[in-house]
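Here are a few worked exercises on rings, a hairpin and enclosed space. Open the structure, try each task, and then compare your steps with ours.

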Amino acid sequence: MKIKFYTHRLSIILILVMLSFLTSCQDWIEVEEPDNKLVSSEVFSSDETAQSAMQGIYNQLYRASFSEGWLGSVTVLAGLSSDNVELINTNALDLLQFEQNTIHPDNTYNRTLWSSAYNIIYMVNSLLEGLEKSTKVSPEVSQRLEGEAKFIRAFTYFYLRNLYGEVPLVVNTNYEANATIEASSILEIDEQILTDLGVTLSLLADVPNSAERTQINEFTAKALLARVHLYLENWELAEAYSSEVIAQSGNYSLPTDMNEVFLANSQEAIWQISPLGAGTGLTNTNEGSVFLINAFLPSLSYLKISENLVSSLTSDDNRRIHWVGYNEDLAIYYAHKYKIQNSTGEPIEYSMVLRLAEQYLIRAEARANQNNLQGAIIDLDKIKARAGIALLSETNPEIDQQALLKEILKERRKELFAEWGHRWLDLIRLGRAQEILLPINSDLELTDLRYPIPSEELLRNPFLNQNPGY
């Protein structure tokens with residue numbers, strides 16, 4: 001497979017140079033800007049320069065289409081594919097294909113989603129190879145950076161696997177070999193994700209948590225492990241890992257004020273991405289920019305949330321009160337989790353990636369599937385209590401297992417809308433996509449639940465096969 005961003009002559013050395021350039025927009029560590037003759041040995045000549053390269057990857061997460069929170073991101077595209085997010089202007093045909101579940105393999109957004117994810121993976125692989133060859137980076141720093149980098153690779157493959165199915169598993173920078181690599185099985189991809197997260201967990205176990213929740217730590221890994229095991233239906237492990245995160249009450253809690261959830265370094269945040277990574281001087285999140293309605297020219301706004309989603313939220317639900325906005329000019333509802341559309345001062349909000357509420361929902365579902373219904377109700381009521389709505393323990397304490405699982409899915413929709421495509425992935429993994437989406441899209445087929453492999457990738461790599469139905 002050929003990664004679009006790079007050419008055949010681009011070596012690992014130049015990639016590492018690029019990573020160093022990317023650090024200039026954050027105060028992570030001050031290093032002199034390298035010239036184009038910088039070689040790999042110099043990039044990894046000290047702890048300082050190695051950390052600078054890692055910060056370049058963190059910054060790139062805010063620039064890459066797949067993770068930036070803008071129109072080409074997982075958040076927007078997978079949101080459109082579900083029943084949560086809709087277009088205001090249906091003339092945006094490439095985006096409309098996601099909303100109508102009729103994505104063409106030539107779709108521009110689909111192509112950049114794929115290529116930007118693989119660019120991040122390639123950067124991670126470059127960093128890991130540089131660390132392995134270096135004799136100048138201290139073992140302590142090398143191990144920490146390896147743990148952080150392998151988490152990002154696992155995180156990226158989690159989305160590629162769940163959006164596309166079988167994809168190439170690239171774990172090195174060998175261009176010639178990767179140009180013709182075949183897609184790996186779902187089992188192989190899952191094993192790599194679990195292996196990488198296991199390494200992250202072991203290498204970051206004794207590393208103190210940073211005050212900035214943009215840096216990966218052991219609980220970031222445990223939070224993602226809880227989600228991965230939930231998707232794999234490993235209920236005991238999903239419960240165990242989510243419990244370890246929830247137990248960190250000194251580090252993570254559910255703010256009672258819903259307006260505090262998406263603030264920079266929120267107590268609920270397990271992992272966030274800083275908008276400073278853009279390096280543009282703007283300090284608002286892309287989610288704030290894309291989901292909020294333009295105050296001066298509302299017609300230039302992009303997205304609304306479905307009335308079906310809004311109607312699922314009762315009028316006294318704090319999530320409807322604080323996380324849903326209404327624009328009278330357009331007569332539409334919009335996601336209002338982020339409050340700032342444009343800013344240039346100190347960032348007030350960071351892009352949320354992993355947060356504590358999801359861990360309660362993961363543990364509730366894992367417990368329910370193990371028939372620990374009372375334990376599941378307790379966890380679900382944590383979310384309901386903050387939302388200010390009736391508790392399940394009071395309204396239906398004798399609920400049966402299947403009804404409880406449906407209630408958990410409903411709460412996941414209400415809690416996690418407009419965040420990282422949760423609704424789309426939930427409907428797919430639970431086998432309920434057609435049941436729920438057919439009433440709003442009568443043409444939906446089972447094969448539409450995987451995105452197509454971009455046409456360009458198939459032309460470049462004859463060993464890749466298109467997903468069925470495309």
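A charge sits over a ring if NZ of Lys or CZ of Arg is within 6 Å of the ring centre and within 35 degrees of the ring normal. Please keep in mind that this is a predicted model.

**Exercise 1. Charges over rings**

Task: Over which ring does the charged end of Arg429 sit, and over which ring that of Lys337?

Solution:
- Step 1. Start from Arg429: its charged end lies over the ring of Tyr231, 4.9 Å from the ring centre.
- Step 2. Go on to Lys337, whose charged end is over the ring of Phe417, at 4.2 Å from the centre.
- Step 3. Return to Tyr231 and place this ring in its surroundings: it belongs to one aromatic cluster together with Phe66, Phe151, Phe155, Phe158, Tyr159, Trp271 and Trp420.

**Exercise 2. Classifying a ring pair**

Task: Why is the pair of Phe158 and Tyr159 given the class it has?

Solution:
- Step 1. Recall that a pair of aromatic rings is described by the distance of the centres and the angle of the planes.
- Step 2. Count the candidates: the structure holds 22 aromatic pairs.
- Step 3. For Phe158 and Tyr159, the ring centres are 5.1 Å apart and the planes meet at 85 degrees, so this pair is edge-to-face; the cut-off for that class is over 60 degrees.
- Step 4. Check the surroundings: Phe158 and Tyr159 are both buried.

**Exercise 3. A ring pair across a hairpin**

Task: Which residue in β5 is the bridge partner of Tyr326?

Solution:
- Step 1. Find the strands: β4 (residues 324-327) pairs with β5 (residues 332-335) in the antiparallel sense, over four bridges.
- Step 2. Follow the connection: the two strands form a hairpin with four residues between them, and Ala331 in the turn has a positive phi of about 55 degrees.
- Step 3. Read off the partner: Tyr326 is bridged to Tyr333.
- Step 4. Look at accessibility: Tyr326 is partly exposed at 43% relative accessible area, and Tyr333 is also partly exposed, at 22%.

**Exercise 4. The largest cavity**

Task: Which element gives the largest share of the lining of the largest cavity?

Solution:
- Step 1. Search the whole structure: five cavities of 30 Å³ or more turn up.
- Step 2. Take the largest cavity, with a volume of about 50 Å³. Among its 13 lining residues, Gly79, Asn84, Ala418, Gly421 and His422 are the closest to the centre.
- Step 3. Assign the lining to elements: α4 (74-81) and α19 (422-429) each give two or more residues.
- Step 4. The largest share, three residues, comes from α19.
- Step 5. Sort the lining by character: five residues are nonpolar, six polar and two charged.

Notes
Residues numbered from 1 in each chain as written. Predicted model: local features only at pLDDT ≥ 70, side-chain atom pairs only at ≥ 80, totals over all residues. Heavy atoms only, no water. Phe/Tyr/Trp six-rings, centres within 6.5 Å; stacked < 30°, edge-to-face > 60°. Buried < 20%, exposed > 50% of the residue type's maximum accessible area, 1.4 Å probe, protein only. Pairing = 2+ DSSP bridges. 1 Å grid on protein atoms, 1.4 Å probe; cavity = no way out; pocket = protein on both sides within 12 Å on 5 of 7 lines; lining within 4 Å. Points joined across faces, edges and corners; volume = space filled by probe spheres on them. Nonpolar A, V, L, I, M, F, W, Y, C, P; charged D, E, K, R; others polar.
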